Amino acid sequence: MMMRGGTSKGAYFLEEDLPADAPSRDRVLLAAMGSPDPRQIDGMGGAHPLTSKIAIVSKSKRPEADIDYLFAQAVVEEARIDVSPTCGNILAGVAPFAIERGLVAADQGTTRVRIYMVNTGSLCEARVATPGGKVDYEGDARISGVPRSSAPVLLNFLDTAGSSCGALLPTGNAVDTIDEVAVTCIDNGMPVVIIEARALGLTGYESCEGLNADAKAKARIESIRLKAGPLMRLGDVTKKVVPKMTLVAPARDGGSICTRTFIPHMCHEAIGVLGAVSVATACVMPGSVAARCAAVEAGERKRVSVEHPTGEFTVELETCNASGVVTVTSAALLRTTRALFDGEILVPHSCLD
């Protein structure tokens, strides 16, 4: 099934329909998406990282989850499937897909689906509108980057802190210095390196096109990323899509903070779901690079509006302040999804040899 999940688009597969061993599975997925090719002309990919994504879904054997979700990124111009990160946008379509495929029985009104995110070993509870016991994609919920309204999907992330790096602050510090630049390395569902834009001689309000054309800035960002990888317990990240790199600046459209995110070598037209959660978390952590320029409301429940090039992303955080140490106990956000196509993707027989 091809689905839009949040501001991404991808192919959703049942695990049982794919080869069991990873090399054979990856050959099939690359052929299905049309990689490697900048246009992905021989497959179903959309010639962009945000539209070359894959969800592999199965019924979970874990008592705390209903289904398992493995995210896979088909790298557009390389013969490579990357399963090191997860994706919160594609996650928005996982519960509806599981209901459509009969992995989860729909309730009347709203169905709660507990999802185990295989890539990171963390849990998310998704709430899906199911009037009459069927998934409803129509509704009045709107998110930045999607032209029409849809039914809301509420995602409540239960234990994402340190899901990829082993700790919320994998270096043990709220601020580190890499290449003489102050950074915050954080992982609350997505490993992210946060840099104040002005530290690189930028404003943080540049267009994606302008940043993608700025070879000097991109080289500095990549140098920091490659050095941050080992510090964040991710090892050599040369061929990985994590950590994401986020430039921050004071909000200018009524939000909490303004961002420009690289995924990792192209400036994202928006910001990833879990990337936004990590940035929002950094905003409430005293001393972090993000906190220096963020405007965040008081109280234990905080709504952090993360501005990005095409709109904003609101993350609701539950926090606890014990003896001056801020802990984020839960993070929730709203996404939308829509089923686009249901059928069969044809791949060459040689992929199955």
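A cavity here is a set of grid points where a 1.4 Å probe fits but cannot get out. Keep that in mind as you click through this predicted model.

Start with the enclosed space. The count comes to 1 cavity of 30 Å³ or more, and about 40 Å³ of space lies in the largest cavity. To see its walls, select Pro96, Val128, Ala129, Val135, Asp136, Tyr137, Ala151, Pro152, Val153 and Thr337. Now colour strand 7 (122-130) and strand 8 (152-157), the elements that give two or more residues to that lining. Colour by class and you'll get 8 nonpolar, 1 polar and 1 charged residues around the largest cavity.

Next, the open spaces. Go to Pro49, Gln73, Val241, Ile263 and Pro264: of the 39 residues lining the largest pocket, these lie nearest its centre. Its volume is about 660 Å³. Show strand 4 (67-74), helix 2 (88-91), strand 12 (244-249) and helix 6 (273-283), since each gives two or more residues to this lining. By class, the largest pocket's lining has 19 nonpolar, 13 polar and 7 charged residues.

Last stop: the second largest pocket, with about 360 Å³ of space. Select Phe13, Asp17, Gly343, Glu344 and Ile345, the closest to its centre among the 18 residues that line it. Which elements each supply at least two residues of this lining? Strand 2 (8-14) and helix 1 (22-33) do, and strand 2 gives the most, with 4 residues. Colour by class once again: the lining of the second largest pocket divides into 14 nonpolar, 1 polar and 3 charged residues.

Methods: Residues are numbered from 1 along each chain as its sequence is written. This is a predicted model: local features need pLDDT of at least 70, side-chain atom pairs count only at pLDDT 80 or more; totals for chains, interfaces and linings use all residues. Side-chain values use heavy atoms; hydrogens and water are left out. On a 1 Å grid over the protein atoms alone, a cavity is a set of points where a 1.4 Å probe fits but cannot get out, and a pocket is an open set with protein on both sides within 12 Å along at least five of seven lines; lining residues have an atom within 4 Å of a point. Grid points are joined across faces, edges and corners, and a volume is the space filled by probe spheres set on the points. Ala, Val, Leu, Ile, Met, Phe, Trp, Tyr, Cys and Pro count as nonpolar, Asp, Glu, Lys and Arg as charged, and the others, Gly among them, as polar.
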